[in-house]
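Thank you all for coming; I have one structure to walk through this morning. Please have the sequence and the model open while I talk.

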Amino acid sequence: INNAERNRERGLGLGLFLVRRIVDQLPGHSISMTSRFGRGSRFRVEFPGMMLGDALVSPLREEPVPLPPLDLRELAGAYVLLVEDDAKVAAGVTSALQSAGYVVDHVDDGETAWFRGGTESYSAVILDLGLPGLDGLSVLRRWRDEGRDFPVLILTARGSWHERVEGIDAGADDYLPKPFRVEELLARLR
């Protein structure tokens, strides 16, 4: 996932998840952790054997054990951009998406959303319309004009029929007015 600025600040939380999934495929593995407040965490991964090409040679076996192919996209889940300026809504949606296995990148203004959508490879975008800086419909139109074709679900308090039509005409794939149920949001995102 290419977002160097965010990775330097907080990371995306994928590293340990990916290491765990890889190590779980190896016989005799162990993972341990030590952590100190304000100093960080240290993780130790141990397993018997050594790698020979794409196979694990174990002291417990005479023949190399081929490792199954690893598709990082499958491990990471869908990479979703959440564009929402209401901190409480953003926190709830982020939590629900992460619990469902999504990797979430959250921004709270239109200019940043337009930039991220133009530079990142998102699986989908959840877009509010009432954003500071640049409104959601303008962001969406710019993305479509630039050829960005990821699915966009508009999530907004603007729910009249003509606003929904305007959102779909601007290039949205789906439209969910607030208030909404998280279960419906997840179903539409799937």
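I will begin with the whole protein, then go to a sheet, to a helix beside it, and to a few single residues.

Let me say at the outset that this is a predicted model, and that everything I quote has been computed from it. The secondary structure comes to eight helices and 10 strands, and of the 190 residues in the protein, 33% are buried. If we take the contacts between residues at least 6 apart in sequence, 54% of them join residues that are at least 24 apart.

Now to the sheet. It is an open sheet of five strands in the order 7-6-8-9-10, and the pairing is parallel. Strand 7, residues 103-107, and strand 10, residues 174-177, form the edges, each of them pairing on one side only. On average, neighbouring strands of this sheet are turned by 20° against each other, if direction is ignored. Helix 6, residues 136-145, packs on the sheet and touches strand 6, strand 8 and strand 9, and its direction makes about 175° with that of strand 9. Strand 6 and strand 8, which run parallel, are joined by four bridges, and in strand 8 it is Val-125 that serves as the bridge partner of Leu-81.

The next element is helix 4. With 13 residues at 1.5 Å a residue, helix 4 should span 18 Å, and this agrees with its end C-alpha atoms, which are 18 Å apart. Which residues of helix 4 are buried? They are Ala-90, Val-93, Thr-94, Ala-96 and Leu-97, and because they cover an arc of only 165° around the axis, they sit on the same side of helix 4. The cover over these buried residues includes strand 6, strand 7, strand 8, strand 9 and helix 8, whereas on the other side of helix 4 we find Ala-87, Lys-88 and Ser-99 exposed.

The two ends of this helix also deserve a word. At the N-terminal end, Asp-86 acts as a cap for helix 4, with a side-chain oxygen 2.9 Å from the backbone nitrogen of Lys-88. After helix 4 comes Gly-101, whose phi is positive, near 100°.

Let me take one residue from the buried side, Thr-94. Its relative accessibility is 16%, and since buried means under 20%, Thr-94 counts as buried. Leaving aside neighbours within four places in sequence, Thr-94 is in contact with Leu-82 and Val-104; the C-alpha atoms of Thr-94 and Val-104 are separated by 6.4 Å, although the two residues are 10 apart along the chain.

I would like to finish with Glu-84, in the loop between strand 6 and helix 4. Is this residue, Glu-84, buried or exposed? Glu-84 is buried, with a relative accessible area of 3%. Once its neighbours within four places in sequence are set aside, its contacts include His-106, Asp-108, Asp-128 and Lys-178.

Gly-136, in helix 6, is 52 residues from Glu-84 in sequence, yet the two are 9.5 Å apart in space, C-alpha to C-alpha. Gly-136 counts as buried too, at 0% relative accessibility, and, not counting residues up to four places away in sequence, it touches Leu-127, Asp-128, Leu-129 and Leu-131.

Notes:
Residues numbered from 1 in each chain as written. Predicted model: local features only at pLDDT ≥ 70, side-chain atom pairs only at ≥ 80, totals over all residues. Heavy atoms only, no water. Helix = DSSP H or I, 4+ residues; strand = E, 2+ residues; numbered from the N terminus. Buried < 20%, exposed > 50% of the residue type's maximum accessible area, 1.4 Å probe, protein only. Contact = heavy atoms within 4.5 Å. Pairing = 2+ DSSP bridges. Axes fitted to C-alpha atoms, helices over the stretch in contact; angles between N-to-C directions. Expected span 1.5 Å × (residues − 1). Arc of directions from axis to C-beta. Polar contact = N/O pair within 3.5 Å; in protein donor to acceptor, adjacent residues only side chain to side chain.
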